[in-house]
Amino acid sequence: MDFSQFLKSLQGIVGEQNVVYHADDLLVFEYDGSVDRRLPDAVVFPGNTQEVSQVIALAYDTGVPVVGRGTGTGLSGGAISPPGGIQVAFTRMNTILEVDTENRMALVEPGVINLHLDTRVRKDGLRYAPDPSSQKACSLGGNIAENSGGPHCLAYGTTTNHVLGMEVVLEDGSIVNLGSLARETVGYDLRGVFTGSEGTFGIATKIAVRLLPVPEAVKTFLGIFPDVETACTAVSAVIEHGIVPAALEMIDALTIQAVQNVSDAGYPDDAGAVLLIELEGLSDEVDEIGREVEAALWDTGATLVKTAEAAEERQQLWSGRNGALGALGSIAPNYFLVDGVVPRTQLAKVLGRVADISREYDIPIANVFHAGDGNLHPCLLFDERKEGTLQRVMEAGTAVLQVCVDAGGTLTGEHGVGLEKKEQMPLVFSDDDMAAMILVRDSFAPDNTLNPGKIFPDGIKQAAHGQRTFPGMPV
Amino acid sequence: MESSLSDRLAGLLGGSVILPVGDIEIDEVTPQAVVRPVDRLQISELLLWASSEHLSVLPRGGGTRSGLGNVPRKADVILDLGAFDQLIDYQPADMTATVEAGMTLATLQERLAPGGEFVPIESAQHGRSTVGGVLAVGAGGPLSHSYGLPREWLIGMSVMGTNGVSTKSGGKVVKNVTGYDLNKLYTGSLGTLGVIVEATFKLLPVDPQSGMLLASFPTLSDSLSAGRKLLHSSVSPMGCHSVTAGVSRKLQDSTQAASQDLGLGDEDTSLFFAFYSGRSQATRRRLEEAAAILLAEGANAVQRIEGPAAKGLLRWITDAPPQISDDAALVMKVSVQSKSSARTSAECSDIVLFGEKPEQMADPGFGTIRLFWPKYGDIQSTHSMEPQPIIDAIQQVRQVVARYEGSAIVEQCPITTKTQIEVWGDYPDSLAIMQSIKNRFDPNGILNPGRFLGGI
């Protein structure tokens, strides 16, 4: 089958207007939130499971690799097209199919935006807990693929702890159900191992997620500290009180400077670190624990502590943290965000090493991170127009990951391996460890035609279908 | 004469790791040998050798759930992991712990207690149940409504494969998406994919206050509907359970033995348990408000139990299923959506076996219902029971559960019945993927052969 025939067949399945293939139109599908880029040969917008199944079956029979795409907010290259591949984009499959308040469950299509679901269910006093920073834009299908986290996963866990079941399309177009609406299912936990498989096992077309009741009270604390080390002792003090906050976030001096460049978030000029703590629960419990948190902040050396309970005031305290990544643009035009995780007790030491790396490579590094679960987000700031900079940034990024791994941590806490970190996988996993993982992929997708070339370093087991291009393909 | 398997294993691994078979049996199959390795290399050598010899290996922790699953196709070697009982790493400030698979759950909790923490995993007979065994079964307990299943707390693993190679998945950090999450695959796989050697958990702090509400209702159905009300109130419990009168009587007997009066009389009523924990003041407030809700929903009486007594009662509920099973002909565990638990329970309550309706323990928050049918009359041996009525009862339960899109596994039945049924129930449409995973991880089918669903 040549390319024009293949396009015609795709159009036959989803309709002419739902296939994009002109080079100009494809440009916006070339990238996601990471630094990697590649043009897909075509992007298909199916409207339902049957169409997804037919598109994938056609691509499989034709030998074309496929990657699913939600909204392209991913930070590890997960949605970047494989060479000679097509994207199946879920823009049209964005319906919340069911909200079952009795059972605290929602059934959604993969293109539903994370925040749209949360907003919808809050009308019924419920919430969808996983809240990636991109939740205004990211899709639930993408959340499943990446097992996304967010600030509040400290208390509630990541996507995998909230997915009950799903309908997925496998690489040959067949449709199977994983998990169930009941909490316990028989057989291997395929839904569990599918979540976070970065689109290499199958493509989810319906997703059932668990909803939680909205807490009675929420209280936010903001502590200003002279430096990150002192703020880290506050984190330890809170944990030692037997408190697991809903969120525990930190930003460092350089980030504070960037935030203040853009708009006044109310941080003093000499602030060396800002610690944000959010408590949720029953009002009297939040009050009682809140007093302990406040005392712990002062005791460990906070120079200023602010608290807020009303939603608007809490939003105010969060505004600096939420706007931090965007504000980094006031320091440098580009940033490269590293997603390493370390045991919480290693935070201060590792941040010290990150500062060393910043000096060694002469790259400013701003830190915005989930302090509660040890998930660092060092942002390497640079200008890609300066020749050789990107190479130096990548080397510094690898050095940061090495520091994380040496401290007993790992490569990625919530962004996924994708293209970005696949060559670093051997820092954490042996060939044998990865071989066991690939056995599972081989069971779901024996021909490895779904999102090939991701996660594992090249050379371990490469995509057989990855390199094909069509004769007569428009360039 | 050909030497015995024990002798050959002694030659391979050294005589000191071979134990007498004693009275160990798996579904009335007596294994040929019991091996208790002391280092990981011995597990590796055993699996490699068993693969080449096509001998079956049945990993074993405390043996408390060894009756779970289909009758094994073969039971050559029991692999006892009891010697792997060390706490490898525990950093209270990280709220994580790494432990060897053979440590009992109770010991692990004891070791974590000085740090003010615990792993939110529950198991009956936790003084014997091991970490590896609990993970292999993967089931929840009375507080699953808030804690979920063991899968939620497991963040890393070392597993010995049938190729004799140890692999790891996950890590020691609480948030991790590096590589596929094989932890999820191994948890609940009943030891059919590899031998769990080590596990890392995330932990929770122990709450300063805990309390239990114990309420009596005229019927199980009243108790369940009150439970649903409570679960959807602002004072939702950590977990709750409704039990039938027969189970209630067992509790009364056991607490009388412990000279505790629950103050609920010995009426023929259904008991409802709701567990709370947290800060002192908030917990007391919740107990008070919840008690008022239960009385408004028709409870005959509500008793508030606090502190160690509440934990003791929680322990009793956790341990109750195997105790009640001792007198049962058939035990099934049903899982449905939580909203369907009351209807499922009501429909199952009419299923009669040997003239008796089932006793029940139902969790209206998590959607789990255990059904216990007593043994027939004075018959002590389950062998003399006719299989057909039992098979019929199983079918009836599965018909009910199918209407609510749930599952129903047989946790206990006479061997004469077990050989004729699939204990795991109807197959999911993803069975082919599961079989493919099994074939790739264990190509010679040596690990727990036949015990899991679909012949896995």
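The exercises below, each with a worked solution, concern a predicted model with chains A and B.

**Exercise 1. Confidence in chain A**

Find the mean pLDDT of chain A, and then locate the stretch where the pLDDT is below 50.

Solution. Begin with the whole chain: the mean pLDDT of chain A is 93, and 96% of the residues of this chain reach 70 or more. Then turn to the stretch in question, which is residues 461–475 of chain A, where the pLDDT is below 50. In the model this stretch nevertheless has 35 contacts beyond near neighbours in sequence.

**Exercise 2. The domains of chain A**

List the domains assigned to chain A, and describe how domain 1 and domain 4 of chain A are placed and how they touch.

Solution. The assignment divides chain A into domain 1 (3–89), domain 2 (96–213), domain 3 (217–326) and domain 4 (332–419). Next, take the centres over C-alpha atoms: those of domain 1 and domain 4 of chain A are separated by 32 Å. The contact of these two domains draws 9 residues from domain 1 of chain A and 8 residues from domain 4 of chain A. Finally, sort the residues on the side of domain 1 of chain A that touches domain 4 of chain A, which gives 3 nonpolar, 5 polar and 1 charged.

**Exercise 3. Where chain A meets chain B**

Work out how many residues each chain gives to the contact, and which element of chain A supplies the largest share of its side.

Solution. Count by chain to start with: 71 residues come from chain A and 67 residues from chain B. On the side of chain A that touches chain B, the elements giving two or more residues are strand 9 (175–179), helix 7 (190–194), helix 8 (228–240), helix 10 (283–299) and helix 15 (431–444) of chain A. Of the shares in this side, the largest is that of helix 15 of chain A, with 9 residues. By residue type, the side of chain A that touches chain B consists of 28 nonpolar, 27 polar and 16 charged residues.

**Exercise 4. A pair of helices across the contact**

Describe how helix 15 of chain A and helix 14 of chain B cross, and name the residues that meet.

Solution. Start from the axes: those of helix 15 of chain A and helix 14 (residues 431–441) of chain B come within 9 Å and cross at roughly 145°. The crossing of these two helices is right-handed. From helix 15 of chain A come Leu439(A), Val440(A), Asp442(A), Ser443(A) and Phe444(A), and they meet Ile433(B), Ser436(B), Ile437(B), Arg440(B) and Phe441(B) in helix 14 of chain B. Sorted by type, the residues of this helix contact are 6 nonpolar, 2 polar and 2 charged.

**Exercise 5. Two sheets in chain B**

Give the strand order of the sheet with 4 strands in chain B, and explain why strand 5 and strand 9 of chain B are edges of the sheet with 5 strands.

Solution. In the open sheet of 4 strands in chain B, the order is 1-2-4-3 and the pairing is mixed. Its edge strands are strand 1 (18–19) and strand 3 (57–60) of chain B, each of which pairs on one side only. Within this sheet, strand 2 (residues 33–35) and strand 4 (residues 77–80) of chain B are parallel partners over 3 bridges.

Now take the open sheet of 5 strands in chain B, whose order is 5-6-10-8-9 and whose pairing is antiparallel. Strand 5 (87–91) and strand 9 (166–170) of chain B each have a single partner strand, so one side of each lacks a neighbour in the sheet. On average, neighbouring strands of this sheet are turned by 10° against each other, direction ignored.

Methods. Residues are numbered from 1 along each chain as its sequence is written. Chains are lettered from A and ligands numbered from 1 in the order in which they are written. This is a predicted model: local features need pLDDT of at least 70, side-chain atom pairs count only at pLDDT 80 or more; totals for chains, interfaces and linings use all residues. Two residues are in contact if their C-beta atoms, placed from the backbone, lie within 7 Å. Ala, Val, Leu, Ile, Met, Phe, Trp, Tyr, Cys and Pro count as nonpolar, Asp, Glu, Lys and Arg as charged, and the others, Gly among them, as polar. Domain bounds come from an automatic or database domain assignment. Two strands pair if DSSP finds at least two bridges between them. Axes are lines fitted to C-alpha atoms, for helices over the stretch in contact, and angles run from 0 to 180 degrees between N-to-C directions. A crossing is left-handed if the near helix is turned anticlockwise from the far one by less than a right angle, and right-handed if clockwise. pLDDT is the predictor's confidence in each residue, from 0 to 100.
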